[in-house]
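Let's walk through this model together, one chain at a time, and then look at where the chains meet. Have the structure open and follow along.

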Amino acid sequence: MNTAENELYSPKKGAMISIKNSIRETILRFFKEALEKKTFDAILIPVKVPAGDSYTWILVEDISLLKNAAPIAPIMPVQGANALSSLTRKGKGNLKIAAILRPCEIRAAIELSKLEQVNLETLYLFSFDCPGALPLLDYTKNPPKGEELFESFFNENKWNEEQIKPVCKMCDNFSIPNCDLHFGILGVEKNNLLLIPNSSKGESVLNEMGIAYKNDLSSWKKKVNEIEKEKEKTKKETYHNIQPMVEGLDSLLQTFAKCIGCHNCMTVCPICYCRQCYFDSEVSKFTSDDYLLRAEKRGGLRFPTDIILFQSGRMSHMSLSCVSCGMCEDVCPTSIPVAQIFSYVADKTQKAFEYKPGRNIGEPLPLKEYKEEELQEIKKSLNESVGQE
Amino acid sequence: MKEQFTPKIVGFLCNWCSYAGADLAGSAKLEILPSLTVIRVMCSSRIDSNLVLTTLLLGADGILIAGCHPGDCHYEKGNYYARRRFALLRKVVETLKIDPERLQLSWVSASEGKRYAEVVNQFTDKIRKLGPNPIQTNPYL
């Protein structure tokens, strides 16, 4: 239905970089060089907080100031697209800024740019083969153990571990999103990294820095495909398990019975960008007489009210752009598998419009365009038997 | 004899076509079942999914959204957007299996008083067969 206006860039060659000490240090060294050469003016990068139990985004001009920068952090406490939105939602600046994000964060950033909440013009997006993120709570319980565990994923190229977030386990979009440059880790010769340009912007960065990109990508692609297949299988299984949890009012009520109405899921969602949400506004609140009337009719009324309305309303508002980053599930205090549920619903709605969020910046949001002849199945519901005058 | 169930249907009618069509049906004294509570909106694309979901979850037996025929929108393309929004909403409701059959989108122009009566009567019949919205008796909602 939505044919993208501009063709997708398909990467053909990459630059092989040898790993010195660790992947982390190698990537940091690249950024240091790029900043010194003034290819970029600043970089937005995850940095471990002084207490050592979490990560935060820092925008910095001199990367050597940051001892604890971690281009690939084990957790995702703040969605990178939100950080980019804070940085650029009032328009682009004069500085060229590099940012290194997980593929799902980049997809969210692309969706936000379509929603005019992120300006990508002066941003250079870097991504990497993402092994997934650890659940926030698991990590904060024992950060050193989390670090050790995450490190082991890289040493043994384990991209399908039990300990990562459930949505990461089923993420078949963990590699090269619509970014400018991508660090390929999988299927690359030992002690090497592939730096792959993925847009003309990315190519110009490498040209400017004098880095040749002539290495073949086939073995990286092969490995990525292999893992994609495994993850697709997990995805099918997860959807199979989620389906009975959300089908029918009774199942929905059971699944969301634990919901305390904190709206954390909405607050952290990168796609829920509205300054004020309908569900937080006074419009969605009623007088006590109204509630009494409702209670009388139904024989009782649950408080907080409208839990299913909140969830289904959010599904219809943001599921087309849902990138399954799992932020909502990470912050749910009652451990409802929100992200898996939303991923399941989003899969259905996105397929209905043949839309993939974050796939292509030139692809308009489904609700922002239309075709005169479409959605025949809706037409059928229009009582076609009713004759026209 | 058992009294026949008269469903409560909320109808969101667009000001320029369907609302005028309803008006015409009324002044032509056409027989219309007394099931529809009409809410006039300026355009069918104004119907946000939250409005429909709120209505449905508060216990309306059916929801009818009616606007101008495609190509005839007073604002040129509002009804095309409405159709997309409706398709999305229907997909969500279908996925959650909360009675997608209770939602309907129809096109009724300002001159189609007769069609308006037929749309309302047919939809009412359909909802009658479905029975009352079970949500009405659920205290956990």
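Chain B is a good place to begin: 4 strands make an open sheet in the order 2-1-3-4, with parallel pairing. Two strands count as paired if DSSP finds at least two bridges between them, while helices (H or I, at least four residues) and strands (E, at least two) are DSSP runs numbered from the N terminus. Strand 2 (36-41) and strand 4 (103-107) of chain B stand at the edges with a single partner strand each, so one side of each has no neighbour in the sheet. From one strand to the next, the twist averages 20 degrees; angles run from 0 to 180 degrees between N-to-C directions, and axes are lines fitted to C-alpha atoms, for helices over the stretch in contact.

Before going further, please keep in mind that this is a predicted model: local features need pLDDT of at least 70, side-chain atom pairs count only at pLDDT 80 or more, and totals for chains, interfaces and linings use all residues. Residues are numbered from 1 along each chain as its sequence is written, and chains are lettered from A and ligands numbered from 1 in the order in which they are written.

Back in the sheet of chain B, strand 1 (residues 9-14) pairs with strand 2 in the parallel sense over 6 bridges. Within that pairing, B:Leu13 has B:Arg40 in strand 2 of chain B as its bridge partner. Helix 1 (residues 18-27) of chain B lies across strand 1, strand 2 and strand 3 (62-67), running at about 110 degrees to strand 1 of chain B. Helix 4 (residues 113-130) of chain B also packs on the sheet, touching strand 1, strand 2, strand 3 and strand 4, and its direction makes about 160 degrees with that of strand 3 of chain B. Contact here means that the C-beta atoms of two residues, placed from the backbone, lie within 7 Å.

Now turn to chain A, which has 15 helices and 8 strands. Its radius of gyration (taken over C-alpha atoms) is 23 Å, close to the 21 Å from the globule rule (2.2 Å times the number of residues to the power 0.38) for 389 residues, so chain A is as compact as a globular protein of that length. The 8 strands form an open sheet in the order 3-2-4-5-6-7-1-8, with mixed pairing. At its edges stand strand 3 (55-60) and strand 8 (215-216) of chain A, each with a single partner strand. Strand 1 (residues 13-18) of chain A runs antiparallel to strand 8 and is joined to it by 2 bridges, and A:Lys13 stands opposite A:Asp216 in strand 8 of chain A.

How much of helix 2 of chain A is buried? In helix 2, 7 of its 9 residues are buried, that is, 20 or more other C-beta atoms lie within 10 Å of their own, whereas 12 or fewer would make a residue exposed and anything in between partly exposed, with C-beta atoms placed from the backbone. The cover includes strand 2, strand 3, strand 4, helix 3 (103-114) and strand 5 of chain A.

Finally, look at where the chains meet: 38 residues of chain A are in contact with 40 residues of chain B. Helix 12 of chain A gives the most to its side, with 7 residues. The axes of helix 14 (residues 338-352) of chain A and helix 3 (residues 78-95) of chain B come within 10 Å and cross at roughly 145 degrees.
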